[in-house]
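Welcome! Open the structure in your viewer and follow along, one selection at a time.

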Amino acid sequence: MNRYVVKTKDKIVEQVIEKIDQRSLIGQKKYGAMMMEEVEGKDKDLNDFLTDVQEEIMDALLYIQAARHCLRDEVEDCMINRMNVIGQNGNDGLHYEEEEEL
């Protein structure tokens, strides 16, 4: 078996590699086989792998949309909190109108 030695010192790349490794171990435990065993044993064919990819991409799109909703909600909450702080400090915004009249 060929073993690849990770040469990068990039911490982000190292974190991704570690996550891939952990994901592989989870998959092996869940499905009882390594992916190469599925290929070599013909447990899956090209169409099966393409279907898996398609389903994963569709899931990713759902996660992206859900994340957008979370981000929008967080931004709205921040804006509301900011407006509350501004109001608590006695800023009613009237000085902006007064400056425009000058």
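Before the tour starts, one term will help: a salt bridge is a side-chain nitrogen of Lys or Arg within 4 Å of a carboxyl oxygen of Asp or Glu. Keep in mind, too, that this is a predicted model.

**The whole chain.** Switch to a cartoon view. You will find four helices and zero strands, in the order α-α-α-α from the N terminus. Now show the surface: the chain exposes about 10000 Å², with carbon and sulfur atoms supplying 57% of that area. Of its 102 residues, 3% count as buried.

**A linked trio.** Select Lys44 and Asp52. They form a salt bridge, and their closest N and O atoms lie 2.3 Å apart. Add Glu38, which also forms a salt bridge with Lys44, here with 4.0 Å between the closest N and O atoms. Glu38, Lys44 and Asp52 are thus linked in a network of salt bridges. Which of these residues are buried, and which are partly exposed? Glu38 counts as buried at 13% relative accessibility, while Lys44 is partly exposed at 24% and Asp52 is partly exposed at 25%.

**Along helix H1.** Next, pick Lys11 and Glu14, another salt bridge, with the closest N and O atoms 3.6 Å apart. Because they are three residues apart in helix H1, about one helical turn separates them. Lys11 is exposed, at 57% relative accessible area, and Glu14 is partly exposed, at 30%. The count of salt bridges comes to five.

**A nonpolar patch.** Finally, select Tyr4, Val6, Val13 and Ile17: together they form a nonpolar surface patch with about 370 Å² of accessible area. Ile17 sits in helix H1, residues 11-31, and is partly exposed at 36%.

Notes:
Residues numbered from 1 in each chain as written. Predicted model: local features only at pLDDT ≥ 70, side-chain atom pairs only at ≥ 80, totals over all residues. Heavy atoms only, no water. Helix = DSSP H or I, 4+ residues; strand = E, 2+ residues; numbered from the N terminus. Buried < 20%, exposed > 50% of the residue type's maximum accessible area, 1.4 Å probe, protein only. Areas by Shrake-Rupley, 256 points an atom, 1.4 Å probe, with all protein chains shown as cover. Patch = residues over 30% accessible without salt bridge, like charges linked within 9 Å, V, L, I, M, F, W, Y side chains within 5 Å.
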